[in-house]
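The exercises below concern side-chain contacts in one protein model. Work through each task before reading its solution.

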Amino acid sequence: MLEKSFYKKMLSKSFPFPIKVTYWDGKSEIYGNGTPNIEIVFNEKIPISDITRNASLALGEAYMDKKIEINGSLQKLIFGAYESADSFMRSSKFRKFMPHQKHTEEQSEKDVQSHYDIGNDFYRLWLDPTMTYSCAYFKKDNEDDLEKAQIDKIKHILEKLNPKKGKTLLDIGCGWGTLMLTAAKEYGLKVTGVTLSEEQYKLVQKKIYDENLQDVAEVKLEDYRELGNEQWDYITSVGMFEHVGKENLGQYFADVAKYLKKDGVALIHGITRQQGGASNAWIDRYIFPGGYIPGLEENVHHIVASGLQIDDMEMLRRHYQRTLEIWDNNFNKQRDVIEKKMGERFTRMWDLYLQACAASFESGNIDVVQYLLTKGASGKNLPMTRDYMLGQ
């Protein structure tokens with residue numbers, strides 16, 4: 001009875017719509033008014049102590065282990081939990097501090113490899129052909145497919161730099177190389193990419209040789225903090241600062257400033273919380289070890305402290321929501337293949353991760369921001385208006 005009373009108190013006010021809850025004894029209750037479209041099924045009791053210690057971690061693990069099933073949309077359920085002011089996702093009773101995270105160079109390498117070195121074949125199953133693993137940019141709303149939106153995102157980033165042929169670009173956290181190689185082929189830049197992922201490094205290196213770009217492109221399997229004293233005209237960094245850790249954010253932006261030539265331009269694209277920085281215990285343990293989403297104010301503080309100036313900021317929250325929804329749809333089309341290769345627990349974990357992130361963007365719990373920065377007076381070598389960013 002104690003467990004049921006606890007769960008009723010936790011779940012009855014956590015959603016702005018009706019839900020059905022079926023407990024471990026087979027009995028069901030409906031919380032909220034109306035006919036529910038989502039059912040939470042407890043196949044086992046989850047100890048109260050696990051929930052109060054860290055609800056996100058306990059419930060995430062319970063879903064992975066099939067102690068909980070969700071009939072209906074996971075994304076909608078999690079979105080509802082973010083929307084409700086009395087939800088366990090927002091209540092101080094359930095939110096606990098994360099354990100200390102390390103972000104030494106050695107630990108950062110392990111963290112990156114644990115996520116990105118799952119295997120290129122895994123990511124090929126559900127990413128678009130460009131192998132771009134970050135927020136897309138949907139210029140025509142519902143008309144664009146994912147591949148076009150990813151290409152448009154890359155061009156949107158590069159256009160913001162107002163790049164001049166023959167100049168140099170550094171891509172910190174270059175992924176599978178689409179941005180840096182597009183900059184070389186279509187914008188005439190000499191490019192350097194840096195990654196800690198061996199799988200990404202090997203694929204980018206192969207692309208460089210296959211496309212005969214050795215004279216204008218190079219990729220380094222190296223920590224960005226070890227690049228020495230070389231400087232570039234432009235810097236891009238997409239989906240990177242979420243990995244460096246709260247304690248290293250200041251150094252990250254200081255390194256961007258260090259590697260940027262005087263009056264150079266940088267476009268830093270990353271997940272940001274407008275409400276302030278945060279971590280998530282379940283994502284930290286199973287998806288992105290060491291991950292930390294910085295707050296908007298926090299990033300701006302470090303940008304200014306590094307000697308950089310802000311020329312423009314653009315919020316792309318809805319674009320990332322749609323990107324994740326497409327990824328999850330692609331993922332589930334390949335679910336049988338992934339489950340056979342990686343196992344059911346892994347497959348449930350990734351499906352939960354993709355839908356939970358989509359819900360988090362949908363609710364505004366997290367955002368994604370493009371920061372256009374200059375080393376020197378803001379926009380010194382950029383056009384007077386923002387029209388150039390849109391090809392006008």
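**Exercise 1.** Determine how many salt bridges the structure holds, and classify the contact between Asp 121 and Arg 124.

Solution. This is a predicted model, and the structure holds 20 salt bridges. For Asp 121 and Arg 124, take the N to O distance, which is 2.8 Å. The cut-off for a salt bridge is 4 Å, so the 2.8 Å contact between the two side chains qualifies. Next, place the residues: both belong to helix H6 (residues 120–124), where they are 3 residues apart, about one turn of the helix. Finally, Arg 124 has a relative accessibility of 42% and counts as partly exposed.

**Exercise 2.** Decide whether Asp 144 and Lys 148 are buried or partly exposed, and find which residue is linked with them in a network.

Solution. Start with the contact: the closest N and O atoms of Asp 144 and Lys 148 are 3.9 Å apart, and the two form a salt bridge. Buried means under 20% relative accessible area. Asp 144, at 9%, is therefore buried, while Lys 148, at 36%, is partly exposed. The network of salt bridges links Asp 144 and Lys 148 with Asp 152.

**Exercise 3.** Locate the two partners of the salt bridge between Lys 246 and Glu 298.

Solution. The closest N and O atoms of this pair are 3.0 Å apart. Lys 246 lies in the loop between S8 and H10 and Glu 298 in helix H12 (residues 296–305), so the salt bridge ties together parts 52 residues apart in sequence. As for accessibility, Lys 246 is partly exposed at 48%, and Glu 298 is buried at 15%.

**Exercise 4.** Classify the aromatic pair of Trp 24 and Phe 42, then treat Trp 232 and Tyr 259 in the same way.

Solution. The count of aromatic pairs is 33. One of them joins Trp 24 and Phe 42, with 5.9 Å centre to centre and 85° between the planes. Planes over 60 degrees apart count as edge-to-face, so this pair is edge-to-face. Trp 24 sits in the loop between strand S1 (19–22) and strand S2 (28–31) and Phe 42 in strand S3 (residues 39–42), so the pair connects parts 18 residues apart in sequence. Trp 24 is partly exposed at 24%; Phe 42 is buried at 3%.

Trp 232 and Tyr 259 are also edge-to-face, at 6.1 Å and 85°. Here strand S8 (residues 232–238) contributes Trp 232 and helix H10 (residues 249–259) contributes Tyr 259, 27 residues apart. Trp 232 is buried at 1%, and Tyr 259 is buried at 0%.

Methods: Residues numbered from 1 in each chain as written. Predicted model: local features only at pLDDT ≥ 70, side-chain atom pairs only at ≥ 80, totals over all residues. Heavy atoms only, no water. Phe/Tyr/Trp six-rings, centres within 6.5 Å; stacked < 30°, edge-to-face > 60°. Helix = DSSP H or I, 4+ residues; strand = E, 2+ residues; numbered from the N terminus. Buried < 20%, exposed > 50% of the residue type's maximum accessible area, 1.4 Å probe, protein only.
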